[in-house]
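Please look at the sequence and the model below before reading on. The report that follows is meant to be read with both in view.

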Amino acid sequence: MGGFEGHLYPGLSLFLYGLYHARLVFRALICNSPIQYLPRCPWSKGRWARLQQIYYVGLVKILSACILVAQELHSIPGQFVFISKIYHQRNFLYRKQWQHLTLYMTFFLSGCVDVVSQNLLPQRCAALEQSAQVLGMFLLLPLMVSHIQDSEGVELQSHILLIQVIFLLTLVVIAECWAPNVLQLWVMKAFLYMILGSWLMQIGFMLYKPISGHKWMDDDKNDIIFVTTFFCWHVAFIAILMTWIYGFSFWWYCYVC
C-alpha cells in the first residue's frame, strides 16, 4: 500500500465493504431475520431469476484483489524479483510490496471461499467464510506491525492508530466465529471496517497529497498530535454515518418495500 493510490484503493474497498455489512445488519434487525440468511426475492420468475439469487460479494472481493494486485505491480520500478544475487550476496527486494501482495492474496482467498460457499455448495457454510475472514485478519495484523518498523513521526502515529483498529477488528471476527448471529458483533464489524477504510484513505492524503497543500512535518509535535485528533473525528463521523444508515434502512424497509 505504498503511495497515494496504494492507500486510496484499499481504503475505499474496505470502506464499501463496511457499508455493505452495515446495510446487512440493519436490514436483519429491522426485518427480524438471521443476518447471514436474509430472505431473497427474485426480480422475476424468468430466465434472469437465477442471477438475483447469486451472491456477488465474493466476486467483488476477487475483482478488488485483482485490481489491487495490478496496481501494486504497476507501481514497482524495474524488474519485480524476490531475491537479488549480486557478488554472491543475497538481498531481499521489495519487502513492502511483497507484504502488500500477501495481504491482497488473503482478500482473494476470502472471495474464493465466499463464492464457493454461497453459490456452489449444496448448503452454505458460513463458518467456512468466517474462518477465511479470520485468517485474513491474522495475516493483516502482523504485516501491519512489521510495516511500521522504519516509520517515524506522522507516518508512525497514523499507522499505530490503524493497527489499533485492525486489532479490535480481529477480536470481533474471532468472536463472531462462536456467535455468528449476534447483532452487536456485526454492528461493531461494520463500524470498524468503515473506520479502517476511511482512515487508510486519510493516511494517503496526509502522507502524499495533503489537502491544505502543506506537507505534514515529522518533527512538529502539533502535527503528530493532530493526527490523533483527526482519527477521533473519523470515529465520530462513522458513528454518525451508521446512525444515518439505520434511519434510512428503517424508512426503506418499513415504508417503501
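This report goes from the overall fold to the salt bridges and then to a patch on the surface.

**Overall fold**

The model described here is predicted. The protein contains 8 helices and 2 strands, and someone who follows the chain along the sequence meets these elements in the pattern α-α-α-β-β-α-α-α-α-α. Of its 257 residues, 42% count as buried. Among the contacts with a separation of 6 or more, 71% are made by residues that stand 24 or more positions apart. The accessible surface of the protein amounts to about 14700 Å², and 68% of this area belongs to carbon and sulfur atoms.

**Salt bridges**

The structure holds 3 salt bridges, and the table lists each pair with its distance between nitrogen and oxygen.

| Pair | N to O distance |
|---|---|
| Asp114 and Lys61 | 2.8 Å |
| Glu129 and Arg124 | 2.8 Å |
| Lys189 and Glu176 | 2.9 Å |

In the pair formed by Asp114 and Lys61, the side chains meet in a salt bridge. Asp114 belongs to helix H4 (residues 95–120) and Lys61 to helix H3 (residues 57–74), so this pair ties together parts that are 53 residues apart in sequence. Are these two charged residues buried or exposed? Asp114 counts as buried, because its relative accessibility is 4% and the cut-off for buried is under 20%. Lys61 is buried as well, with a relative accessible area of 15%.

Lys189 and Glu176 also meet through their side chains. Here Lys189 lies in helix H7 (residues 183–208) and Glu176 in helix H6 (residues 153–178), so the pair ties together parts that are 13 residues apart in sequence. Lys189 is buried, with a relative accessible area of 1%, and Glu176 likewise counts as buried at 1% relative accessibility.

For the salt bridge between Glu129 and Arg124, the burial of one partner can be stated: Glu129 counts as buried at 8% relative accessibility.

**A nonpolar patch on the surface**

Turning to the outside, which residues form a nonpolar patch on the surface? The patch is made of Leu29, Trp244, Tyr246, Phe248, Phe250, Trp251, Trp252, Tyr255 and Val256, which together have about 960 Å² of accessible area. Helix H8 (residues 221–256) gives the largest share of this patch, namely 8 residues. One of the patch residues, Val256, has its place in helix H8; Val256 is partly exposed, because its relative accessible area is 41%, and partly exposed covers the range between buried, under 20%, and exposed, over 50%.

Methods
Residues are numbered from 1 along each chain as its sequence is written. This is a predicted model: local features need pLDDT of at least 70, side-chain atom pairs count only at pLDDT 80 or more; totals for chains, interfaces and linings use all residues. Side-chain values use heavy atoms; hydrogens and water are left out. Patches are made of residues with over 30% relative accessible area and no salt bridge: like charges are joined within 9 Å, nonpolar side chains (Val, Leu, Ile, Met, Phe, Trp, Tyr) within 5 Å. Accessible areas come from the Shrake-Rupley method with a 1.4 Å probe; for residues, only the protein chains shown count as cover. A salt bridge is a side-chain nitrogen of Lys or Arg within 4 Å of a carboxyl oxygen of Asp or Glu. Helices (H or I, at least four residues) and strands (E, at least two) are DSSP runs, numbered from the N terminus. Buried means under 20% relative accessible area, exposed over 50%, partly exposed in between (1.4 Å probe, protein chains only). Contact means heavy atoms within 4.5 Å.
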